[in-house]
Amino acid sequence: MSQPATINAEPIGITNLPNQRYKIVSKEGAAFTIMLAGESGLGKTTFINTLFQTVLAPHQDNRNRFNKPVKKTVEINIVRAELEEKNFKLRLNIIDTPGFGDNVNNKNAWQPIVEFIDAQHESYMKQESQPQRSLIKDLRVHACLYFIRPTGHTLKPLDIEAMKKIGTRANLIPVIAKADTLTPNEMLEFKKRIRAIIEAQNIRIYSPPIEADDQAAAEHAKQLIESMPFAVIGSEEDFEVDGKMVKGRRYPWGFVEVENDQHCDFRKLRSLLLRTNMLDLIVSTQEIHFETYRRLKMNGEVNTDDSKDTSSKRKSAERFIDNPEFVEEEKRLKRYFAEQLRNEDQRFKQWKQNIHTEKNRLNHDLANLQSDMKKLEEEVKVLKQAKAHN
Ligand SMILES: Nc1nc2c(ncn2[C@@H]2O[C@H](COP(=O)(O)OP(=O)(O)OP(=O)(O)O)[C@@H](O)[C@H]2O)c(=O)[nH]1
Ligand SMILES: [Mg+2]
C-alpha cells in the first residue's frame, strides 16, 4: 500500500467524533474503513471524492472491449488517507470496489466483496494474539455502502443476494445512487418499495441506535432511520450559486445541490458516517460482526479457503446467522453495549461535574487569597504612612 494521502479540504466535522464516545477513541485517533459496493457506473468513486471534498479515489483509466477509454474501477482499490481537525486524527481506509453487472453471468458477482470482508476478519483474528498491537493491520470494514440503481422500480435479484451476504458480515448501508435522476415523488415511492423488500427478504441493514437518555440524539437517529435507504448525489465539480461555491450537477432545467436536504440525503449520510455514528459503526463491527465471525470460525463453520459459495460449511454458517438464537444473541449484545456506552457517558458527565465543582472551589479560594492580599497591601500602606510621619 502506498503512503496515506493527507486531506487538506474544508473541515468536514470529524472533530465531533470525540464528543460521541471520547473514551474508545485512543490518543492516536480513530481508524475507520468504508467500503463501496454495487453495480458499475453508479457513482461510487465519485461519491467518495464528494464526501471528502477532494479526488481521494482517482477514477482508473481503462478501455472497454471497443477500445474506448472508460473511467471504471477494475480492481479492489484501497485508498488510505489521514485527516486531522483540531488535533483529532482520523486514519481512513476506503475500499473502492469494481462495480458488478457487466458480465454475461453476474451470478456471485458479490463474491470478491464478501471474501474481502471475511479475509479482513480472518487476518485480524490471526494478528490479535501478537504482542505489539501497534503493528496490527486492521482493514475490517466498518461500513459498506451498497449503491442501488435509481430505476424507480424494484431491487434486482443480484442486489438482494449481494445485500443479504454483505449484511451478515458488515454494517450494510443501502444507498440510492444518482438521486438527481428521480423526481421527489418517484424517490419516495422507490424508497418505500426498497424498505419493504429489505424487510421481506430479511436483509440486515445498519440501524443507528436510539439513545434513551439523549433526546436530541434519539431524534437524529430516528431521522436517519426514516431516510434509509439514503438517496445521494455525487459530484466532483463546484459551481457558483449566489456568490458561493457549491458542489452539484447542472442541467439545462436547473441545478441540483449535493448538500441540499431538499435534493438528496447526502448530508444525513455524511453525518452518520463521519459525525454521529462513526464510533457505533466501529464498535458494532468489533462486537457483532467480528465476534460472529470468530464464533463461527471456532465452531468450524467458516472455511476461508473455500472459494465457492456452494460450500456446505458456508451454507451452515449462513444458517447459523439466520438462526433466531443468533438474532437473540445479537440483540442481547447490542443491549449490553448500549448499556456500557450509557455508563461511560454517565461517568463522563460525573467527571465533568466534579471538574466544574473543583473549578468553582479554586476560584473561590483564589478570590479569598486576592482579598487577603489586598488587605495586607492596605496594612503595608498604613504602616508605611505611619513610619513616614515618625
Ligand atoms: N447524474 C448523476 N451522475 C453521477 C452521479 N455520481 C456520479 N455520476 C456520474 O456517473 C458516472 C460513473 O461514476 P463513477 O463514480 O465512476 O461510478 P462507479 O460506481 O465508481 O463505477 P465503476 O468504477 O465502474 O464501478 C460518471 O460519469 C459520474 O460523473 C450522480 O449523483 N448523479
Ligand atoms: Mg469506481
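This is a short group-meeting talk on a predicted model of one protein.

Hi everyone, thanks for coming. Please keep in mind throughout that we are looking at a predicted model.

Let me start with the overall make-up. The protein has 10 helices and 12 strands. Of its 390 residues, 44% are buried. If you take the contacts between residues at least 6 apart in sequence, 69% of them join residues at least 24 apart.

Now to the interior. The largest nonpolar core has 72 residues, and the members that touch the most others are F47, L145, I173 and L273. Which residues does F47 touch, leaving out those up to four places away in sequence? The list is L36, L145, F147, V232, F266 and L269. Another core, of 5 residues, lies apart from that one, and M125, I136, F290 and Y293 are among its members.

A word on cysteines while we are inside. C144 has 0% relative accessibility and C264 has a relative accessible area of 4%, so both fall under the 20% limit and count as buried. As for disulfides, a search of the whole structure turns up 0.

Next, some helices, beginning with α8. What span should we expect for its 21 residues, 278-298? At 1.5 Å a residue the answer is 30 Å, and the end C-alpha atoms are 29 Å apart, which agrees. There is also a kink in α8, of about 35° and centred on T285. After the helix comes G300, with a positive phi near 70°.

Helix α4 covers residues 157-167, and P157 is part of it. Is P157 buried or exposed? Its relative accessibility is 65%, so P157 counts as exposed. The C-alpha atom of P157 is 9.6 Å from that of K107, although 50 residues separate them along the chain. The helix as a whole tells another story: 8 of the 11 residues of α4 are buried, so the helix is largely enclosed by the rest of the structure. The buried ones include charged residues' positions such as D159 and K165, along with L158, I160 and M163.

Over in helix α3, residues 111-128, we find D118. With a relative accessible area of 4%, D118 is buried. Its C-alpha atom lies 9.4 Å from that of V141, and the two are 23 residues apart in sequence.

Now for the part I suspect you will enjoy, the backbone geometry. As background, most residues other than glycine have a negative phi, and most peptide bonds are trans. Here are some places in this model to set beside that.

Take K178, which is not a glycine and yet has a positive phi of about 45°. K178 sits in the loop between β8 (172-176) and α5. At 35% relative accessibility, K178 is classed as partly exposed.

Then there is D242, again a residue other than glycine, with a positive phi near 50°. D242 belongs to the loop joining β10 (238-241) and β11 (244-251). Its relative accessible area is 81%, so D242 is exposed.

And where is there a cis peptide bond? Look at the step from M228 to P229, where omega is near -5°. P229 is in the loop between α6 and β9 (230-231).

Let me stay close to α6 for a moment and point out S207. S207 lies in the loop between α5 (184-200) and α6 (215-227). A relative accessible area of 31% makes S207 partly exposed. Not counting residues up to four places away in sequence, S207 touches I225 and K334. Its C-alpha atom is 8.6 Å from that of I173, and 34 residues separate the two along the chain. You met I173 earlier, as one of the best-connected members of the largest core.

Last stop: an annotation. The unreviewed UniProt entry marks residues 352-386 as a "coiled-coil region". How much of that stretch is helix in the model? The answer is 100%, with 0% strand, and the end C-alpha atoms are 51 Å apart.

That is my tour. Thanks for listening, and I am happy to go back to any of these places on the screen.

Definitions and conventions. Residues numbered from 1 in each chain as written. Chains lettered and ligands numbered in written order. Predicted model: local features only at pLDDT ≥ 70, side-chain atom pairs only at ≥ 80, totals over all residues. Heavy atoms only, no water. UniProt positions renumbered as here; feature names shortened; annotations may be inferred. Helix = DSSP H or I, 4+ residues; strand = E, 2+ residues; numbered from the N terminus. Expected span 1.5 Å × (residues − 1). Bend = angle between axes of the 7 residues up to and from the residue. Core = buried A, V, L, I, M, F, W, Y, C linked by side-chain atoms within 4.5 Å. Buried < 20%, exposed > 50% of the residue type's maximum accessible area, 1.4 Å probe, protein only. Contact = heavy atoms within 4.5 Å. Disulfide = S-S within 2.5 Å.
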